[in-house]
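Trainee: Could you take one part of this model and walk me through it slowly? I would like to see how a single residue sits among its surroundings.

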Amino acid sequence: MEIYLVGGAVRDTLLGRPVHERDYVVTGATADELLAQGYRPVGKDFPVFLHPQTHAEYALARRERKTAPGYHGFVTDFSPDITLEEDLLRRDLTLNAIAQRADGSLVDPYGGQADIAARTLRHVSPAFSEDPVRVLRVARFAARFAPLGFTVHESTLTLMQRMVTDGEVAALVPERVWQETVRALRESQPDVFFEVLRACGALAVIFPEVDRLFGIPQSPQWHPEIDTGLHVMMCLRRAAALDAPDTVRFAVLAHDLGKGATPQQQWPKHLMHESNGVPLVQALCSRLKVPTAFRELALMTCKQHLNVHRAQELRPTTLLELLENCDALRRPERFSELLLACQCDAQGRGGREHWPYPSREYLEAARAAAAAVQLSEAQIATLAGPQIAKLLRERRIETLRELKR
Ligand code: ATP
Ligand code: MG
């Protein structure tokens, strides 16, 4: 039996990045032999085991053969005669297909080290096209390693394009698309994920609402970058630079979908793009089964981003309505996330990355001031319910008027 460290741990060590999990591949062994040594089985579809002490994952070397389209069209063979080279051959990218022996020496049959040196993401073999999840994975690795200078190799991009035209990408189940998307949003350059998907044509298939924004102009007065798709990419870059949480990044992705619905004769204006965006955000979220927290913040950002931008111009009553519509007093954390998403929108514009965004502080202060308004015990005891609510609102509006001064 031979044991090799494989995948991300080897890659990240070569890149000088921290290793967060260690996966091993075992050749020349059967499941029974590993069980006899105390490994615990965990694989549902494949024989994968946890080491009795370290709990690292050990997988039997395997060979895959595609027999039919779709997810289940794979026949997997994991007999003890499968070689390490065969196992590495079914992996997605050359930099993920390097193995390391216990003595530290590397086994690199597909040129992973050379591709790391050349900062290239390249598929291992033509079998790459058998699994459409790999299109998303490549885009995600491109988003992760863009700061190190990595780009997708031309031949891999061509293969990805063919997987789109062959309809493989359209067959991806929503759960997998969302799973890879939310991971990509957390990467250091999430915009690169969408740019790579766009470059291979997959964006039009899985995110048509986002794809459509490219080529739609906005007024240069507000948007020196002009193109709406480019603006959204710049907002995502800003969100990553501000270390925004994934919910905020998704809200940023979706905030301007309504601009895709503006009648062309109105360009570069986008009247009502906030309300026009709502059904589009809803459709995207239902299609991908986006979790509620992401959906709520995305819808709120879509509806309210212009109100947030012009917060300082709002009259006290309108300001309170904004807070109420955002449920800001009961959900202060989510309200803060809305403000951060709006900041990304304001700063995701050509040359405006470092412009101040006073709306954020102003609205945080407004929320705190409104929340601090309390009625006395006596007022509460003597007034009926609706009167209490009315008085509370009046006091809050008064407080917001003070704040404006
Ligand atoms: P991460 O740092 O995100 O964990 P990773 O490279 O370890 O990166 P995993 O998803 O943990 O990625 O998968 C481990 C290894 O399994 C990868 O390095 C790759 O070799 C292989 N792999 C995973 N998914 C696929 C796939 N869909 N197609 C081909 N190979 C895959
Ligand atoms: Mg991993």
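Mentor: Happily; let us look at H255 and then at a cysteine beside it. This is a predicted model, in which local features need pLDDT of at least 70, side-chain atom pairs count only at pLDDT 80 or more, and totals for chains, interfaces and linings use all residues. Residues are numbered from 1 along each chain as its sequence is written, chains are lettered from A and ligands numbered from 1 in the order in which they are written, and side-chain values use heavy atoms, with hydrogens and water left out.

Find the loop between α12 (246-254) and α13 (273-288), and you have found H255; helices here are DSSP runs of H or I, at least four residues, numbered from the N terminus. With a relative accessible area of 1%, H255 is buried (buried means under 20%, exposed over 50%, partly exposed in between, using a 1.4 Å probe and protein chains only).

Who surrounds H255? Setting aside neighbours within four places in sequence, H255 is in contact with H231, V232, C235, T301, C302, H305 and D345, where contact means heavy atoms within 4.5 Å. With H231 there is also a polar contact between the two side chains, at 3.3 Å; that term means a pair of N or O atoms within 3.5 Å, and within protein one must be able to donate a hydrogen and the other to accept it, while residues adjacent in sequence count only if both atoms are side-chain atoms.

Now turn to C302, one of those contacts. C302 is buried too, at 0% relative accessible area. The closest cysteine sulfur to its own is that of C285, 9.9 Å away, which is too far for a bond, since a disulfide is a pair of cysteine sulfur atoms within 2.5 Å. By this rule, the count of disulfides is zero.

Notes. Helix = DSSP H or I, 4+ residues; strand = E, 2+ residues; numbered from the N terminus.
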